[in-house]
Amino acid sequence: MYLVSLSVAGLMIIGPLLLTYRVLFTNSGSIKDSKGSRVKELKSDSRLAKFAASLELSDQGKRLAGNDPYLIHNGNSRELVITQPDHIKDFYRNDTKDAVGVKVGERWRAIRKYFDPEFTPAICIKTIPRYSAKISEWVDALPIQASRVSSTDGSFMLNVKIPCRFLPFQLVALQLYGDVFSDELYSKLLEINVLHEVILHDVILNKRLVSKVWNLFPTAAKKRMDLYTKQWESMNLDIIQYARENEVFCPAERIYKGVDQAHDMTKTEFLHTVDEILFANVDISSAVLNTLFTNLAANQEFQRALRAEFYAQKAQGNYDLVRYVTNQDCLLNFLVMESMRLTPAFCNKNIGGYNVPPNTAVVIDTRRLNTDAVTWGPDGNTFRPERFTNMPRRTCQYGFMRFGVGAASGKCLGKNVADIVFKMTTLAVIARYMITNVKKEGVEEAVSPEILFTPV
């Protein structure tokens, strides 16, 4: 399950299969259907299971409640899990377009006023030449990371999960820091990310770390958090100062004017939002690329069709890379959508027949939502990008968690960067290599995590 906090409190992706829109929870006994029956509840604490055994947790919920909403425990709190398109529609019913965000209401709108202009489709499209250069460098380096390289035809074997790990992270950082971005800055970001991951691990394993009282004590985890906070603030303020003193293009510097010139947001709000843009989706973005290439390698017929589409586009006299990358009705777009489908990005409400009080933590089980037969048919668990060819957009509105659904679908700041990065990386690879899955030696029908790259 991918975990995302839903309700007016905002989006924070934590772990693989559940998305939790997280706020304070009310008395679970108050969640009842029209007949007065209480919502079903998994009694065991799911705090760690959401990360370590999310697939099993999802299956337990299905056995307990079928397609109805149900409750899970997260320490002393409870969260409502929803799994069906109609649940999502109920959740967002009557919401305004600004109802979802890490901040509430006017505060969130004030912050987005400065961040949104730097991540519009038009701005991201202008950055395509710089994306292209970085992606080309990335593809050049693939053979260096290979486990085996052929001396005859230049083919090599590679676990694609490794090089995919930080490419989206690097290009989002490029979008944020503009001309200040450099190899040196990228190295610093990677170092900070290591600390960030340790802190996230601390929080997952020790729920007391969210307590203000507990954080009064000089624990090792508290010291790590303080070190991260200090390094993160220092690095960003140094970047802003450098950009201003040298008159260098830097979107982060322009965004920061909302702090020190307009005073519309605080320094902490700026730092937290930049943190979320960069670090919150590192694993998810890399997982999407890994899913994309793994399934593309396993589906040779589709790979040939995609390569033929790409060559046909390039053969046109008026070939336009931007137009192709932004085209919604082509195999390239269907590939990215299918990869994201299989690797997903208040007042009282009536959800699935249950009356849900305000301030309830709601969790979306994206694995079930993105594969449910109601939306996707009997082959919902199968990788088949062509399914999007004739699928009406309204069908996907509440049955597809990509960058959010319904009112949340436009809230991910990095979604335009991610969409372009996934497509351009795919084109850069298939232009130079045919990729195929590798069978594990001595294990019938087992597939190795490595992919064979053969020059075309």
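**Trp-108.** I looked up Trp-108 to begin with, in what is a predicted model, and found it in helix 4, which covers residues 105-115. Its relative accessible area is 7%, so I enter Trp-108 as buried, the cut-off for that label being under 20%. I then checked a partner far off in sequence: Glu-269 stands 161 residues from Trp-108 along the chain, yet the two C-alpha atoms are separated by 9.5 Å.

**Lys-134.** Is this lysine buried or exposed? I find a relative accessibility of 16% for Lys-134, and therefore it counts as buried. Lys-134 sits in helix 6, residues 128-140. Leaving out residues up to four places away in sequence, I list its contacts as Gln-170, Leu-171, Leu-174, Phe-181 and Asp-183.

**Ser-155.** I placed this serine in the loop that runs between strand 6 (148-149) and strand 7 (156-159). Although Ser-155 belongs to a loop, its relative accessibility is 9%, and because of that value I record it as buried. Which side chain makes a polar contact with the side chain of Ser-155? I noted that of Asp-153, at 2.8 Å. Setting aside neighbours within four places in sequence, I also wrote down two groups of residues in contact with Ser-155: Arg-148, Val-149 and Ser-150 make up one, while Leu-452, Phe-453, Thr-454 and Pro-455 make up the other.

**Tyr-311 and the surface patch.** I went on to Tyr-311, which lies in helix 14, residues 300-315. Its relative accessible area is 41%, so I class Tyr-311 as partly exposed, a label that applies between 20% and 50%. Together with Met-434 and Val-456, Tyr-311 forms a nonpolar patch on the surface, and I note about 280 Å² of accessible area for the three together.

**Helix 20.** I followed this helix over residues 415-430, which makes 16 residues, and from its first C-alpha to its last it reaches 23 Å, close to the 22 Å expected at 1.5 Å a residue. How many of its residues are buried? I entered 15 of the 16, and so I describe helix 20 as mostly covered.

**Whole chain.** I closed the page with the totals, which give 20 helices and 12 strands. Of the 456 residues in the chain, 52% count as buried. The area that the chain exposes comes to about 21200 Å², and I note that carbon and sulfur atoms supply 53% of that area.

Conventions: Residues are numbered from 1 along each chain as its sequence is written. This is a predicted model: local features need pLDDT of at least 70, side-chain atom pairs count only at pLDDT 80 or more; totals for chains, interfaces and linings use all residues. Side-chain values use heavy atoms; hydrogens and water are left out. Helices (H or I, at least four residues) and strands (E, at least two) are DSSP runs, numbered from the N terminus. Buried means under 20% relative accessible area, exposed over 50%, partly exposed in between (1.4 Å probe, protein chains only). Accessible areas come from the Shrake-Rupley method with a 1.4 Å probe; for residues, only the protein chains shown count as cover. Contact means heavy atoms within 4.5 Å. The expected span of a helix is 1.5 Å times one less than its number of residues. Patches are made of residues with over 30% relative accessible area and no salt bridge: like charges are joined within 9 Å, nonpolar side chains (Val, Leu, Ile, Met, Phe, Trp, Tyr) within 5 Å. A salt bridge is a side-chain nitrogen of Lys or Arg within 4 Å of a carboxyl oxygen of Asp or Glu. A polar contact is a pair of N or O atoms within 3.5 Å; within protein, one must be able to donate a hydrogen and the other to accept it, and residues adjacent in sequence count only if both atoms are side-chain atoms.
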